[in-house]
Amino acid sequence: MAAKSDPAMLEVAGLTLAFGEHVIQHDVSFDVKRGSIFAIMGGSGCGKSTLLKSLIGLLRPVAGTVRVLGEDYWAASGVRRADLGRGFGVLFQSGALWSSLTVAENVALPMRMFTSLDEASIDLLVRLKLAMVGLDADGGRMPAELSGGMRKRAGLARALALDPEVLFFDEPSAGLDPVTSRRMDNLILDLREGFGATIIIVSHELASLFAIADDGIFLDAGTRTPIAHGAPSVLRDTCGTPVVRAFMHRGASGEARHSGTNDDARN
Amino acid sequence: MRREESHSVVAISGDWIARNGCVDTIDAAVTQIMAQAAEGTEIAFDVAALGRWDSGLIAMLWQLRTAAAGKRAVLQTAALPAAALRLLALLQDCPPQTTVPAVLTGLSTRLGQRALATWTELLAVCALLGDSILHAFGAMRGGSRMQGGDLVDCLRDAGGSALPIVAIVNFLVGGILAFVGAVQLRRFGADVFVANLVGIALVREMAAVMTAIVMAGRTGGAYAAHIATMQGNEEIDALRATGIPVQDYLILPRVLALTATMPLLYLYGCAIGLLGGMTVAIGMLAITPTAYFEQTRAAVSASQFVFGFSKSIAFGALVALAGCHIGLRAGRSASDVGNSATRAVVVGIVGVIALDAVFAICANALDF
Ligand SMILES: Nc1ncnc2c1ncn2[C@@H]1O[C@H](COP(=O)(O)OP(=O)(O)O)[C@@H](O)[C@H]1O
Ligand SMILES: [Mg+2]
């Protein structure tokens, strides 16, 4: 497969996203190389989750194209899109577990729907995925009985159900304790190394991002467009844009902005 | 405000407490200050007489700063309390959102918009109906991803557990019909015809309609609330992202279950209703159970049952489709769940009665 010129796993060009007339982001362009970890960064409410939605088929962009392995995703028919989407695994910000199914059934449902595995194999695979995320003992519980962090991990196990080529993570470690969060990082790296999966991750966990991401994009809420491209660790060291610096240095220069406003008011 | 050589000084005095109404005067005060301030001037403050203050003062300063920026005037804020400056610094220097005045639309416009919205809704339900039929055929050919277990769950939910309430309602309706009939018919000595009245009314109309109304309140509302909750939890998004068709997974089992159980519940409702009618008739009039039963059998033909039976199939599909459709279109907040459940019940009940009227007209035209 890698023999040809190897098209990027995902090519996004000139994307504009809007809810009704309310534009969330415009002119979003980036490529995600196969097997890389790509970070989507930006302040809360800048449209990171919205961007993810347009990549996984939930929100049709108003303009621009998304190409999956060279194929125009949104120009394809709904059936074709669903086929392409079968190679995607998505971990939603809220976990989004199906609340009327147990954790194990949540992981099993995609397999039941899209494979012809027998029950015993499905059962084995479900236990494997749950064990990977450290929920081996909780397969029989309902989503409502799990804590927020456990729900995230169960969502991750479900995202892994069909061994996807591309994984989308929306804030996988938000709301997790530091130890679990570190475990999640390692897990993500393991998934990349182990399955060769391409990973697109939305996260505020800077330490994780610096450690794992190969490339990334920074969305700005004010101008509603990306203002920086590059690996998070590179952006941290070289990017001159104040908003990006403030973000990368944990809002350190955010203080500077405030005192700046004070000065303005005084002058 | 007073003017000194190079700059203006705004004297702020008294209490600036928002809930005491000082906010109402801000606009006028700011306008007045800006009217007197020259282009590009400096505005300083004198706060010697300032009393207690809260966000009322901050609101005034914010408005003033915005207005001053428009005139390229500069605020000399050094004299202001440090705490107020801190709060002011939190506020972005963008123009405060002007609120859009609510557009007053005339009654006729609103009626028209409502009508159009209803029409679109109706079309959407029809589209969903078509879609469901297509998917149902797909399911029959084995191409569907519907899970057998879901259908069984829905069937139990829509069928078995509805039996008690359907029984109570139909028993009472049968009894009421018999009571009203008995009081009237006794005056003509036509006592035994109570059986005709109860039988025909129940089998043709009441059993089907009452059962459908009960199911609209019970199951239609539950479908809408369940699907709306899933919408709010991103569960529907998760289904779509996984490539699981919502049609197959959520809607089809529900529509099939209610369409299948409604006619059975109708037959059950008929039986219980007739029993209720018989109980009251025997109690009130000098009729033997056998005579009542024979009279009912003679009065109610099989075609009446066919009519009621077909109607209840249509009612089942309508109630289920309305519930699912309204749930899918719900917003993502908790109150949307309540609203969609209410709407599903209302649409279900009104829809059932309207559809029943259509059936009545058609039956009349066809002499059925
Ligand atoms: N379903 C929706 N309808 C309308 N606006 C939305 C919807 N979902 C999100 N938004 C808006 O889009 C913007 C970006 O949201 P989101 O992508 O969730 O931000 P984040 O970057 O924190 O993930 C927000 O301003 C939010 O108000
Ligand atoms: Mg988000």
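Both A:F218 and A:F247 are buried, and I begin with these two residues of what is, I should say at once, a predicted model. Their rings form an aromatic pair with 5.1 Å centre to centre and 80° between the planes, an edge-to-face arrangement. A:F218 belongs to strand 9 of chain A, residues 215-220, while A:F247 belongs to helix 9 of chain A, residues 242-248, so this contact ties together parts that are 29 residues apart in sequence.

Let me now widen the view, since a search of the whole structure finds seven aromatic pairs over all chains. One of them joins A:F88 and A:F168, whose ring centres are 5.2 Å apart and whose planes meet at 70°; because an angle over 60 degrees counts as edge-to-face, that is how this pair is classed. Here A:F88 comes from strand 6 of chain A, residues 88-91, and A:F168 from strand 7 of chain A, residues 166-170, so the pair ties together parts that are 80 residues apart in sequence.

How buried are these two rings? The relative accessible area is 7% for A:F88, which is therefore buried, and 0% for A:F168, which is likewise buried. The two phenylalanines also have aromatic company, in that A:Y73, A:W74, A:F88 and A:F168 form one aromatic cluster.

Finally, I turn to charges placed over rings, with one example from each of two chains. In chain A, the charged end of A:R158 sits over the ring of A:W98, at 4.2 Å from its centre. In chain B, B:R254 lies over the face of B:Y223, and the distance to the ring centre is 5.5 Å.

How values were computed:
Residues numbered from 1 in each chain as written. Chains lettered and ligands numbered in written order. Predicted model: local features only at pLDDT ≥ 70, side-chain atom pairs only at ≥ 80, totals over all residues. Heavy atoms only, no water. Phe/Tyr/Trp six-rings, centres within 6.5 Å; stacked < 30°, edge-to-face > 60°. Helix = DSSP H or I, 4+ residues; strand = E, 2+ residues; numbered from the N terminus. Buried < 20%, exposed > 50% of the residue type's maximum accessible area, 1.4 Å probe, protein only. Lys NZ or Arg CZ within 6 Å of the ring centre and 35° of its normal.
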